[in-house]
Amino acid sequence: MTTFSLFDKSSKFDGIYAFFIVNRFQMLYLFFLMPTYLLHPFMIWGIVAMAIFSQLNIKLLCKWLESNYAKKGYQGFVELFGVRMVRLLTFIGLILILIKITVITLGYLEVIHDFIFPSMNSNWIIFFILLTSSYVASLGMKNTIRFVVIVFLCVFWIIFLYFPFFIPPIAALHDLYPLIPTNWTTDSWKGLLLIWSSYSGPEYLICLIPWIKPQQKMSKYLTYANALSTSEYLLLFIASLFFFGSNYLSKSKYPIIHMIRYLQSPMFERLDIILISLHMFVLVFAISIFMLCIYGATRIILKKTSTQPSRMGFAVTCIMLFLCFVIVNNWIWSIETEQNFLLNIQIWLSGITYFIVPTFLLLLTKLKGRVKA
Amino acid sequence: MRRKKMLLVWGIFVSLVMIPGCAPFVENNTIEDIAPVTFWSISKGEKGKIKMSTLVPPLVNEPKSLLTLDVDLLKQGGKDFNLRYYRELKVGQLRLFLIHEELAKQGIFQLINTLLTDYDVSQRMYLVIVKGNFDEYINRQAKKQENLDYYLYRMLKHYERKKQGEMTIVNLHEYKNKLFSPFSDPVLPVFTVAKDNFTYEGTAFFSNDKLIETVTSTEDQIFQLLDNDHYLKFFPIPKLDVVIGRLRSRVNVDLDKNLSLVTINVKLNGRIEEYQGNKNILNGNELMQLQKEIETELEMKTTDLIKKMQELKVDPLQIGTHTLSPFSKPISEKVWLAAWGKMKIKVNYQLYFEALQNTKNNY
């Protein structure tokens, strides 16, 4: 039996991998829903404003990533907080990650179930997705991070398919009017929150710092990632305004996919099926990264960081995750009102974590530094 | 030890499979067992029911037969067709949805909603209003003509907007978008069935989801120029003994601030295709005269058409969208329709054309 090395830290990755990871984490599930929640054309400015805030946040995060504590990885955290505190924070992080991937997986699952396999028992889809993710994750953190390149190449070009929607007769300029907010309601605030939480994702880089090369100019790559996600959001939102008009947009739950349904190629009429399948790459990537994070976090909580990761432990993580998904899917997600509740929690949580994590870490590092000096 | 582990893994696997249920695939899509449907035709049945029919089998070398049913609900019809036919009918290839005029006058909102919620139905499916007995026509014609349903679809596809036809062709998505937006009313093409003919008749105007008026011949052609295609291959004006062809229009709509006057400027480019009147069209002056006459004629007809829309309180030309601007609050649909009803109209035509070539004048 060869040694089972999930967390092999021998090779470090360039900042370009951070670019791929951050961009894809920002384009995870929530962007499917985004136009439905934004509705009004003036929300274009909302996306731009949130992009600027997100950029500021990224600056903070990068400052921390370049600090001495970040370079030491786990040991850095221990120095910063002390073992007991680290375990507590890891526990909180574990729960946050668990909620995030549950919502994302079940969200994607709903898309697959609605568009591709309406008559299939949805638990089977969970099973197949998790099986794939477990396989990817079992190849170790190193390979999973490498996998992001494939994921990016598989999914990125889909954005270009939306260009036909910018051409008349589907598009008419008056679909974008009015461009200034005429009535500002609580829904508009919710829209802003949704944009903000869609931008969240870069904060999970702190789970991956042992694998990213220190002394990298991270801020450059993260800025590019942020800018790319922004342009994708804008493109999709404006395209869906052209396609549906802002009156009908709220009626369609997954406008992004319904737009793809309208495109037809002579070869494949159901283009949406192919594209949804390609989007699964992102899902599998996210699940496998987070699965490894969960396993790592459990080891920290159980004080087993010094021992080798075991196959058994990993398998148990996978199975627990599967059970968690199935339980939530059958008892919570399938009830219509509850689903919005879980999704709302996720939107709030990821908004909060994205806001707090970089500031909190940087502040603490500065304080520690001052105490030492 | 090894064995125990293997057993454990198998145990987990089997229980994992058992938890969610059994075989993952429920629907059987073996190609030999299914028959895709190309059209559904809907008309008013007896006692408030809908009469629904479709032609089976499509694109297979078997004699075709028309299935007809009386149902309460659209999807119920989809189900009941299966009970009548040995293959399972699938709606994934539904290309045409023909609605009888009588039914359309009552409103088709529910039907449209049903079609929109079905992910198997393409948003590009054409909607068509039919006058006359379509079932009879299909029954008679299907024996003479193979793949009739497919050819009907090809015909609509040929005249679709980008291919610059002369018909109003509307698909589900376009219809829905106009139906649900406050400043425009949907239109649909009307086809008449008479004996062995299936002819395009004109454009039907809808107020909300109800058909209220059909415009035909000249009025329909003006509608094509103003809003639908902005192109006509032939535009015969029998009153002036002239056919203008390759007409391309540029329409400029100008609304005044307090919504009391709408000015519509239309620039037309084309050429005379045929002339049987007694002017010498090779002579510049007389050509100008003819041009003026045509302009006046078009202005009059267009004003009449728009007045008709105003009386019916419909806005298929989407003039209401011109009230929108980037920096002001949009007015409500009610305010717009009230203003539209009373608005004054000014129509200006500017015609540029080349005269007939290779001709010897009579005079």
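Okay, let's start with the polar side of things: between chain A and chain B there are 10 residue pairs in polar contact, both residues at pLDDT 80 or more. By polar contact I mean a pair of N or O atoms within 3.5 Å, where within protein one must be able to donate a hydrogen and the other to accept it, and residues adjacent in sequence count only if both atoms are side-chain atoms.

Who's on chain A's side? Helix 6 (83–115), helix 7 (122–138), helix 11 (218–248), helix 12 (255–262) and helix 14 (311–333) each supply at least two residues of the side that touches chain B; helices here are DSSP runs, H or I, of at least four residues, numbered from the N terminus. That side divides into 19 nonpolar, eight polar and four charged residues, with Gly counted as polar.

Quick housekeeping: this is a predicted model, so local features need pLDDT of at least 70, and side-chain atom pairs 80 or more, while totals for chains, interfaces and linings use all residues. Side-chain values use heavy atoms, without hydrogens and water, residues are numbered from 1 along each chain, and chains are lettered from A in the order written.

Now, salt bridges: the rule finds two across the interface, meaning a Lys or Arg side-chain nitrogen within 4 Å of an Asp or Glu carboxyl oxygen. One joins B:Asp120 and A:Arg270, at 3.4 Å, N to O.

In contact terms (heavy atoms within 4.5 Å), 31 residues of chain A meet 43 of chain B. The buried area is about 3400 Å², 64% of it from carbon and sulfur atoms; that's accessible area, 1.4 Å probe, lost on putting the two together, summed over both. On chain A, A:Trp124, A:Arg261 and A:Tyr262 lose the most, together 20% of what that side buries.
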